[in-house]
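Dear colleague,

Please find below the structure that I am handing over to you, together with its sequence. My findings follow directly after it.

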Amino acid sequence: MPTAVDTLWSFFEDVESVSACVPGLQSLTILGPDEYKVVVKQKVGYFSATFEITTRREEAEHGRYMQFASVGRTVRGAMGNLRSKDRVEFEVLEDGGTRVHVLCQPALGGVLGAVGHKVILSKSREMTEQFAAALCERLGGAAGTSDEAGSGDRAGGNAT
């Protein structure tokens, strides 16, 4: 992104701005300075579901990274629950811009968990890439390709 790290950091601290980049977002409720609840509608494999997810920022080092933990359940559609550990890393580039790495470690249970680990990782990667594209559109950058997203239990993407 052709944006300074402090500008990006401020954007990521503004939950309402960031939530506008989340694919399928239906609502946002701010619960506290580092905690919020969202309702998101998604299709996973052959199943559609609406999730109610509570996310908490667990850790942050200004200008370097933010780490989040999310827990949720479906409120409509296929039954299931969700847990996710997510990390947003900021890398300052030589030209003064910033590369943003978004790393996700999702886990689904219930009927949705039965669709298979590869399908869940693929969906997570897809959502991360959609998020990165929306972020770039809002901030004037170009979305990059996924990090080694297929390795292990991680899905991720870059915004450069």
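V111 has a relative accessibility of 41% and therefore counts as partly exposed. The residue is located in helix α3, which covers residues 110-113. Together with Y46, F47 and M79, V111 makes a nonpolar surface patch of about 480 Å². Please note that the model is a predicted one, and that the values quoted here are computed from it.

As regards the overall architecture, four helices and seven strands are present in the chain. Their order from the N terminus is α-α-β-β-β-β-β-β-α-α-β. Of the 160 residues in the chain, 42% are buried. The exposed area of the chain is about 8,300 Å², and 49% of that area comes from carbon and sulfur atoms. When contacts between residues at least 6 apart in sequence are considered, 48% of them join residues at least 24 apart.

The strand pairing from β1 to β3 deserves a description of its own. Strand β1 (residues 25-32) runs antiparallel to strand β2 (residues 35-44), and six bridges connect the two. Within this pairing, T29 faces K37 of β2. The connection from β1 to β2 is a hairpin of two residues. Strand β2 is in turn paired with strand β3 (residues 47-61), again in the antiparallel sense, over 10 bridges. Here Q42 has A49 of β3 as its bridge partner. A hairpin is also formed by β2 and β3, with two residues between the strands. In that turn, G45 adopts a positive phi of about 60 degrees.

Turning to charged pairs, the structure contains nine salt bridges. One of them links D34 to R57, with the closest N and O atoms 3.0 Å apart. D34 belongs to the loop between β1 and β2 while R57 belongs to strand β3, so this salt bridge ties together parts that are 23 residues apart in sequence. D34 is partly exposed, its relative accessible area being 27%. D34 and R57 are also members of a salt-bridge network that includes E13.

A further salt bridge is found between R56 and E35, where the closest N and O atoms are 3.5 Å apart. Because R56 lies in strand β3 and E35 in strand β2, the pair ties together parts that are 21 residues apart in sequence. Both partners are partly exposed: R56 has a relative accessible area of 43%, and E35 has a relative accessibility of 27%.

R99 and E91 form another salt bridge, with 3.8 Å between the closest N and O atoms. R99 is partly exposed at 25% relative accessibility, as is E91 at 33%.

Finally, I turn to the cysteines. How many disulfides does a search of the whole structure find? The search returns zero. For C21, the closest cysteine sulfur is that of C136, and the separation of 9.0 Å is too far for a bond. The cut-off applied to a pair of cysteine sulfur atoms is 2.5 Å. C21 counts as buried because its relative accessibility is 2%. C104 likewise counts as buried, with a relative accessibility of 10%.

Yours sincerely

Note on methods
Residues are numbered from 1 along each chain as its sequence is written. This is a predicted model: local features need pLDDT of at least 70, side-chain atom pairs count only at pLDDT 80 or more; totals for chains, interfaces and linings use all residues. Side-chain values use heavy atoms; hydrogens and water are left out. Buried means under 20% relative accessible area, exposed over 50%, partly exposed in between (1.4 Å probe, protein chains only). Contact means heavy atoms within 4.5 Å. Accessible areas come from the Shrake-Rupley method with a 1.4 Å probe; for residues, only the protein chains shown count as cover. Patches are made of residues with over 30% relative accessible area and no salt bridge: like charges are joined within 9 Å, nonpolar side chains (Val, Leu, Ile, Met, Phe, Trp, Tyr) within 5 Å. A salt bridge is a side-chain nitrogen of Lys or Arg within 4 Å of a carboxyl oxygen of Asp or Glu. Two strands pair if DSSP finds at least two bridges between them.
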